Amino acid sequence: MTATPDAKPLKGLFIRTHGCQMNVYDSERIRDVLKPLGYAPVDAPEGADLVVINTCHIREKATEKVYSELGRLKQMKLASGGKMTIAVAGCVAQAEGAEIIRRQPAVDLVLGPQAYHKLPEMIARASRAVGDRLETEFDTIEKFDALPKTRDPDGPAAFVSVQEGCDKFCTFCVVPYTRGAEMSRSVDDIVAEVRDLAAKGVREVTLLGQNVNAFHGAAPRLEGGADWTLGQLVRHLSKIGGIERIRYTTSHPRDMDADLIAAHGDTAAMMPFLHLPVQSGSDRILKAMNRGHTADHYRDIIARVRKARPDIALATDFIVGFPGESDADFEATMQLARDVGYAIAYSFKYSARPGTPATGMHGHLSEDVKDARLQALQSLLRDQQTAFNQSCIGRTIPVLVTGKGRNPGQMHGRSPYLQAVHFEGTETQLGALVDVQILAASLNSLSGDLVRVRETAA
Ligand code: 5AD
Ligand code: SF4
């Protein structure tokens, strides 16, 4: 095993992350809380002292993947003579709880998304072989308070969790049951984290939350105790020296207020990218989903955002094959996609999740129908994505350099519209903003020539 300069032995920590960006963020924080205990990240689960599987419960496939992965880990644990500790974190942990240990007894610890700060204590207890292998209580604020206040960023772009949970109860979705009630972090805490990241060279922050635009963080010292909206938070963070770019994800159409829309136009750091899930283009299906808005209400928000920021890249999520979805309902979804024109979109077949209202609805569709609809929608979305990327050819755009390419001399970064951009450069440009003239585009990336380095790397 690796040794620190003072020869203190480190323990190997392997974290596998499934699902959304919230989980990516949580995995980073798990790494941070375990660091003082001597855990250092390793690249593979083989031989690791602690393996954490950070799980996603949003669709059935994701849950089954976790159990087959646990089967493979059990073999590795046996090979290690039982020395490996296996922890299951995230939303499957929250939803299935003790059932996980029943189905796979090799699992040592199960902890829900609100319990990461308790991980060190749980590990200590598990190693003394006493007690609780299960921690899935909801207490988001306690979690936010107990996590280390500073972190080691992985590069010039970092996630910052500002909000967790959801009270919207869309009828297909497990999030309100796995992540709990909607809860915002305090403005002071967020500002302190972003300042610390900026001081460590971070240029771009993505504010995270399941319903991030429902943000209503308390601001006791800054604003006489009144809660802030996401628009206010973005404007404030944009003034922190070094923070050049701000993004937020994921939003709900019902919380797109006028100030947040205006911030897309008047705040230079606000990136021209909006991920606003719509799920369906049919009012009947939107109602059955309990989304609380119509397709035209969504179109109207998009028109207002485009007016504030004409070049904005739009992203969304769609579900096809919701119970009762007719051919006409599906056609309304296709029409909405044609009307908006997405830069990128994620589309899923409806998957019945235990305990959600849609599971008990009439009119569940066959896999064949769902497959055919998904293919038709994805083909349209792929064309739109390619067209959007091609529309960048000939333009010179600012790119935040985030990494080295496969071959020497190749660098990559991301555009304001969140596209991957490849160009010939040098490692000294890592973390800098550079201008790249775009010469070619494919479905998933852009490439071009470096024109100038805007600023030197921090
Ligand atoms: N079936 C299919 N897709 C789902 N999503 C959430 N729940 C389900 C489900 N039961 C999708 C939604 C959401 C994204 C994160 O996952 O589109 O926006
Ligand atoms: Fe799930 Fe709906 Fe909440 Fe999004 S808004 S997390 S889809 S319940």
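**Two ligand sites and a helix pair**

Let me begin with ligand 1, where a polar atom in the side chain of R59 sits 2.9 Å from one of the ligand's oxygen atoms. Please keep in mind throughout that this is a predicted model. Two further polar approaches to ligand 1 can be listed: the side chain of Q279 places an N or O atom 2.7 Å from an oxygen atom of the ligand, while F172 contributes through its backbone, with an N or O atom 3.0 Å from a nitrogen atom of ligand 1. On its own ligand 1 would expose 410 Å², and the protein buries 87% of that area.

As for the full surroundings of ligand 1, the residues are I58, R59, F172, Q279, D317, I319, F348, K349, Y350, S351 and R353. Sorted by class, that shell comprises 5 nonpolar, 2 polar and 4 charged residues. Two strands, β13 (313-320) and β14 (344-349), each provide at least two residues of the shell.

Q279 deserves a second look for its backbone, since this residue, although not a glycine, has a positive phi of about 75°. Q279 is located in the loop that runs between β12 (273-275) and α11 (283-288). As background, most residues other than glycine have a negative phi, and most peptide bonds are trans. With that second point in mind, I would also draw your attention to the peptide bond from T249 to T250, which is cis, with omega near 0°; T250 itself belongs to the loop between β11 (245-249) and α10 (258-266).

Turning to ligand 2, the residues that surround this ligand are C166, K168, F169, C170, F172, C173, V175, P176, N211, H252 and R291. The class count for this shell is 7 nonpolar, 2 polar and 2 charged residues. You will notice that F172 appears in the list for ligand 1 and again in the list for ligand 2.

Finally, which residues of α8 and α9 meet each other? From α8 they are V187, I190, V191 and V194, and from α9 they are L233, H236 and L237. In class terms this contact has 6 nonpolar residues, 1 polar residue and no charged ones. Regarding geometry, the axes of α8 (residues 187-199) and α9 (residues 230-237) come within 11 Å and cross at roughly 35°, and the crossing of α8 past α9 is right-handed.

Technical notes: Residues are numbered from 1 along each chain as its sequence is written. Chains are lettered from A and ligands numbered from 1 in the order in which they are written. This is a predicted model: local features need pLDDT of at least 70, side-chain atom pairs count only at pLDDT 80 or more; totals for chains, interfaces and linings use all residues. Side-chain values use heavy atoms; hydrogens and water are left out. A residue is near a molecule or strand if one of its heavy atoms lies within 4 Å of it. A polar contact is a pair of N or O atoms within 3.5 Å; within protein, one must be able to donate a hydrogen and the other to accept it, and residues adjacent in sequence count only if both atoms are side-chain atoms. Accessible areas come from the Shrake-Rupley method with a 1.4 Å probe; for residues, only the protein chains shown count as cover. Helices (H or I, at least four residues) and strands (E, at least two) are DSSP runs, numbered from the N terminus. Ala, Val, Leu, Ile, Met, Phe, Trp, Tyr, Cys and Pro count as nonpolar, Asp, Glu, Lys and Arg as charged, and the others, Gly among them, as polar. Axes are lines fitted to C-alpha atoms, for helices over the stretch in contact, and angles run from 0 to 180 degrees between N-to-C directions. A crossing is left-handed if the near helix is turned anticlockwise from the far one by less than a right angle, and right-handed if clockwise. Contact means heavy atoms within 4.5 Å.
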